[in-house]
Amino acid sequence: MKIIAYGIRDDEKPYLDKWSEENSDVEVESTGKLLDESTVDQAKGADGVVTYQQKPYTAAVLDKLGSFGIKFLSLRNVGVDNVDADAAKRNNIQVTNVPAYSPQAIAEFTVTELMRLLRRTPTFDRKQANGDLRWAPDIADELNQMTVGVFATGRIGRAAIQIYKGFGAKVIAYDIFHNPELEKEGIYVDSPDELYAKSDVLSIHAPATKENEHMLNDDAFSKMKDGVYILNPARGTLVDTDALIRALDSGKVAGAALDVYEDEVGIFNTDFGSFDKIPDERLKNLMKRENVLVTPHIAFYTKRAVRNMVYFAMDANKSLIQTGKSDKLVKL
Ligand code: COI
């Protein structure tokens with residue numbers, strides 16, 4: 001049995017080597033290259049493919065895998081928005097993801113960023129670096145006095161809710177699917193509009209779909225409270241960046257923590273050498289603001305999460321090859 005793992009980073013390699021040692025019945029080949037039309041031929045002869053990338057898994061690549069008789073594609077991450085679903089189906093390629101490598105990693109990071117915004121730490125860091133140790137005018141807000149609106153109550157949303165509650169915040173939530181425990185607590189509101197109208201902080205934890213592209217647009221911002229805080233550790237496409245910039249300029253949005261950005265592919269996780277060389281003016285506009293925290297999609301990036309991404313994806317791929325079954329199959 002052979003599995004080829006694409007896009008293996010240096011920080012993943014030790015976990016892949018350990019998995020391989022523990023699964024000596026599997027031949028594991030790995031490459032740092034991403035899975036695209038120029039690299040797909042390397043998969044010939046393998047029984048399954050394990051990948052992580054933000055670049056699209058295109059129809060051409062999936063057709064090629066299909067022509068090699070490869071039926072199992074295991075992603076090392078949660079989001080499947082970059083898989084060409086029609087091409088996967090027509091080639092009978094079964095796709096697994098890792099739905100829960102560490103929801104807490106993302107939740108903890110999201111709340112950390114919110115606290116930085118509320119306590120104005122970027123401003124104090126700058127002032128202190130210049131020898132200015134005064135308090136005013138950078139007085140903070142307290143999370144325990146606020147209503148946090150959680151958009152989507154999957155694993156990450158629920159992990160975030162636990163932390164918000166620990167801070168004493170009032171939590172409300174919107175989701176099409178209601179979690180039975182949260183339902184009992186009565187935290188769900190009936191519509192996104194109601195969530196927007198009642199929240200001091202909006203914490204977004206939804207996957208990207210065709211339907212929710214730019215759901216935070218001018219219209220949505222206009223329905224929010226003045227001085228709302230926006231947290232997006234989920235997917236860049238959920239936020240209309242131009243509308244967010246307008247809402248920041250007008251003061252409608254008091255601050256934003258963005259771990260994702262709609263044009264991040266090819267930009268995040270790249271060293272450009274200097275701020276000026278970052279090739280995206282709109283992103284730099286956001287990064288220059290003290291009330292906007294831009295991070296390069298790192299909420300997930302912990303040792304536990306990276307280990308689980310490698311292990312769970314390899315386990316899922318092996319299970320599909322051996323039994324045709326996996327509890328991590330994605331309905332595309
Ligand atoms: C995902 O798991 O889909 C993420 O967004 C994290 C990714 C950058 C590894």
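User: How far is an oxygen atom of the ligand from a polar backbone atom of valine 78?

Analyst: This is a predicted model, in which local features need pLDDT of at least 70 and side-chain atom pairs count only at pLDDT 80 or more, while totals for chains, interfaces and linings use all residues. Residues are numbered from 1 along each chain as its sequence is written, and side-chain values use heavy atoms, without hydrogens and water. A polar contact with the ligand is a pair of N or O atoms within 3.5 Å. For the backbone of valine 78, the distance to the ligand oxygen is 2.8 Å.

User: What share of the ligand's exposed area does the protein bury?

Analyst: Side chains also approach ligand oxygen atoms: an N or O atom of tyrosine 101 lies at 2.5 Å, and one of histidine 297 at 2.8 Å. Taken alone, the ligand exposes 280 Å² (Shrake-Rupley, 1.4 Å probe). The share buried by the protein is 93%.

User: How many residues of the shell around the ligand are charged?

Analyst: The surrounding residues (a heavy atom within 4 Å) include Tyr52, Asn77, Gly79, Arg235, Phe300 and Met309. Five of the shell residues are nonpolar and three polar. The charged count is one.

User: Which element gives the largest share of the largest nonpolar core?

Analyst: This core, of buried nonpolar residues (under 20% relative accessible area, 1.4 Å probe) joined through side-chain atoms within 4.5 Å, has 30 residues, and Phe151, Leu216 and Phe221 are among those with the most contacts inside it. Elements giving two or more residues include β7 (170-174), α9 (218-222) and α10 (241-250). The largest share, five residues, comes from α10.

Methods
Polar contact = N/O pair within 3.5 Å; in protein donor to acceptor, adjacent residues only side chain to side chain. Nonpolar A, V, L, I, M, F, W, Y, C, P; charged D, E, K, R; others polar. Buried < 20%, exposed > 50% of the residue type's maximum accessible area, 1.4 Å probe, protein only. Helix = DSSP H or I, 4+ residues; strand = E, 2+ residues; numbered from the N terminus.
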